[in-house]
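Reader: I'd like a close look at one part of this model, the charged pairs and what surrounds them. Could you walk me through it?

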Amino acid sequence: MQLSWKTLHNLEKEFGDSFFLLDLDKFKRNYQEFLHSFRSIYPHTNLGYSYKTNYIPKLCQTVDSLGGYAEVVSQMEYDLALRIGVSPSRIIFNGPLKSPEDLENAILAGSIVNLDCLEEVEIVAALARRLPEQKIAVGLRCNFDVGAGRISRFGFDVEGGALDDVFKIFQELNNCSVLGLHCHISTSTRSVESYKLRTQKIIELSDYYFQNQLPQFIDLGGGFFGKMNDDLKAQFDCYIPSYQEYAQGIAPQLRSRFPDDSGPELIIEPGVAIVADVLSFVGKVVGLKTVKSRQIALVVGSIHNVKPTLTDKKLSLQIYSDEENSPTKKLTSPVDLVGYTCMEHDCLYPDYPHKIGIGDYAVFENLGAYTVVLKPPFIRPNPPIIGYESSLEKYTLIRRQETSQDVFSTYVI
Ligand SMILES: Cc1ncc(COP(=O)(O)O)c(C=O)c1O
């Protein structure tokens with residue numbers, strides 16, 4: 001997507017002075033490249049897109065049309081998948097909290113449901129007893145150590161015997177079976193090594209519990225780094241692997257353990273990896289101020305739009321100025337780009353090292369992961385999201401500007 005001040009100015013006229021830009025072609029390319037990296041080594045691989053990372057329905061629909069699963073962690077996300085036409089059998093239902101009703105409905109509808117705790121096992125066992133003619137199958141999330149440096153709260157503790165207990169409970173019920181094993185382990189370095197280790201461990205578990213009968217799937221979760229520019233990469237004190245390096249860490253182990261084509265389906269659940277670099281935020285510069293030694297530019301936006309996770313990383317920023325009619329009022333560097341909230345910490349970008357003027361557009365890149373889904377209704381409603389598809393050569397509305405009425409519609413007034 002090629003941007004210029006003129007393009008942004010035209011978009012402002014149509015959509016307002018702050019908006020997100022969604023690059024749909026890039027999302028498709030990321031999806032296909034990520035999948036291909038794995039399939040070229042282990043063909044029986046599929047992706048489940050993590051809705052929570054960014055549930056813009058257009059992205060979720062794209063994944064469905066490309067043959068991917070919807071990976072959801074709540075009934076809200078499950079409902080979205082159904083609403084956009086995803087077949088229940090293409091939904092993977094993860095997460096620590098599923099109500100008995102939601103759990104039962106998803107299992108009976110044929111979704112892959114990965115159980116997280118004993119209480120969920122009891123719900124499923126009760127369902128199996130209630131419906132003795134019904135074949136019931138679930139996945140189990142496994143909890144084991146890959147050197148993440150903390151004790152994870154998710155899944156069944158392998159070492160402590162909890163996973164073993166669940167297999168025993170299901171063995172006693174003759175209409176209940178375990179379809180496959182799941183794990184998602186987040187680590188700060190997202191290293192290839194940790195993926196090698198989790199693949200090795202989950203294959204060992206699969207060999208132990210399924211023996212000659214192969215599991216239907218092995219699901220290794222998400223948590224991979226996505227693509228980023230060098231400035232952003234330099235702020236991480238760890239190596240940022242490519243899609244191909246991740247695939248090399250995982251897929252050859254499955255290939256050698258299951259050399260023929262009837263091996264279990266490998267499921268990978270990327271969020272960040274395929275969505276982080278497809279969304280940018282555009283905010284117009286509308287105010288300039290100098291206070292003692294501090295130069296300040298007010299942008300129509302806030303940290304809640306660009307970093308609701310409160311990351312300490314400096315964002316990737318491009319400023320677009322009108323080259324033909326340069327504004328008379330400008331600040332020279334360094335400039336703090338600040339937001340519309342009344343909080344001192346609302347600084348979208350500190351110490352911008354170039355000139356900045358009224359009417360410029362600040363474009364913050366690489367915001368696809370955990371931004372629109374985490375933005376609170378703090379002080380101003382949400383800006384619109386505009387999509388771009390180069391094949392159509394046009395910008396289309398993906399989400400309209402939110403109104404005050406939207407924000408207050410659930411309150412009793
Ligand atoms: C079960 C599960 N799968 C996939 C993901 C996606 O992780 P990421 O967006 O880091 O790829 C998450 C995120 O927490 C998760 O909990």
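Reader: How many salt bridges does the structure hold, and what do they tie together?

Author: Bear in mind that this is a predicted model. The structure holds twelve salt bridges, and a few of them are worth a stop.

Let's start with Glu 71 and Lys 52, whose closest N and O atoms are 3.6 Å apart. Glu 71 sits in strand 3 (residues 69–72), while Lys 52 belongs to the loop between strand 2 (45–50) and helix 3 (57–65), so this pair ties together parts that are 19 residues apart in sequence. The two ends are not equally covered: Glu 71 counts as buried because its relative accessibility is 3%, whereas Lys 52, at 29%, counts as partly exposed.

Next comes Glu 104, which forms a salt bridge with Arg 130, with 2.9 Å between the closest N and O atoms. Here the partners are in helix 5 and helix 6, so the link joins parts 26 residues apart in sequence. Glu 104 has a relative accessibility of 16%, so it counts as buried. In helix 5 (residues 100–108), Glu 104 shares that status with Asp 102, Leu 103, Ala 106 and Ile 107. The buried residues of helix 5 pack against helix 4 (75–83), strand 4 (91–93), strand 5 (112–115), helix 6 (118–130) and strand 6 (136–143). So helix 6, home of Arg 130, is also one of the packing partners. After helix 5 you'll find Gly 110, with a positive phi near 95 degrees.

Then there's Arg 400 with Asp 406, the closest N and O atoms being 2.7 Å apart. Arg 400 is partly exposed at 46% relative accessibility, and Asp 406 is partly exposed too, at 28%.

Now for the domains. The assignment splits the chain into domain 1 (5–21 + 277–408) and domain 2 (24–276), and one salt bridge is counted between them. Glu 389 and Lys 28 meet through their side chains in a salt bridge, at 3.7 Å from N to O. Strand 19 (residues 385–389) gives four residues to the side of domain 1 that touches domain 2, the largest share. By class, that side has ten nonpolar, six polar and five charged residues. There are also 14 residue pairs in polar contact between the two domains.

As for the area, the two domains bury about 1900 Å² between them, 54% of it on carbon and sulfur atoms. Asp 277, Val 278 and Lys 313 supply 31% of what domain 1 buries against domain 2, more than any other three residues.

Definitions and conventions:
Residues numbered from 1 in each chain as written. Predicted model: local features only at pLDDT ≥ 70, side-chain atom pairs only at ≥ 80, totals over all residues. Heavy atoms only, no water. Domains from an automatic or database assignment. Buried area = accessible area lost by both parts, 1.4 Å probe. Salt bridge = Lys/Arg side-chain N within 4 Å of Asp/Glu carboxyl O. Polar contact = N/O pair within 3.5 Å; in protein donor to acceptor, adjacent residues only side chain to side chain. Helix = DSSP H or I, 4+ residues; strand = E, 2+ residues; numbered from the N terminus. Nonpolar A, V, L, I, M, F, W, Y, C, P; charged D, E, K, R; others polar. Buried < 20%, exposed > 50% of the residue type's maximum accessible area, 1.4 Å probe, protein only. Contact = heavy atoms within 4.5 Å.
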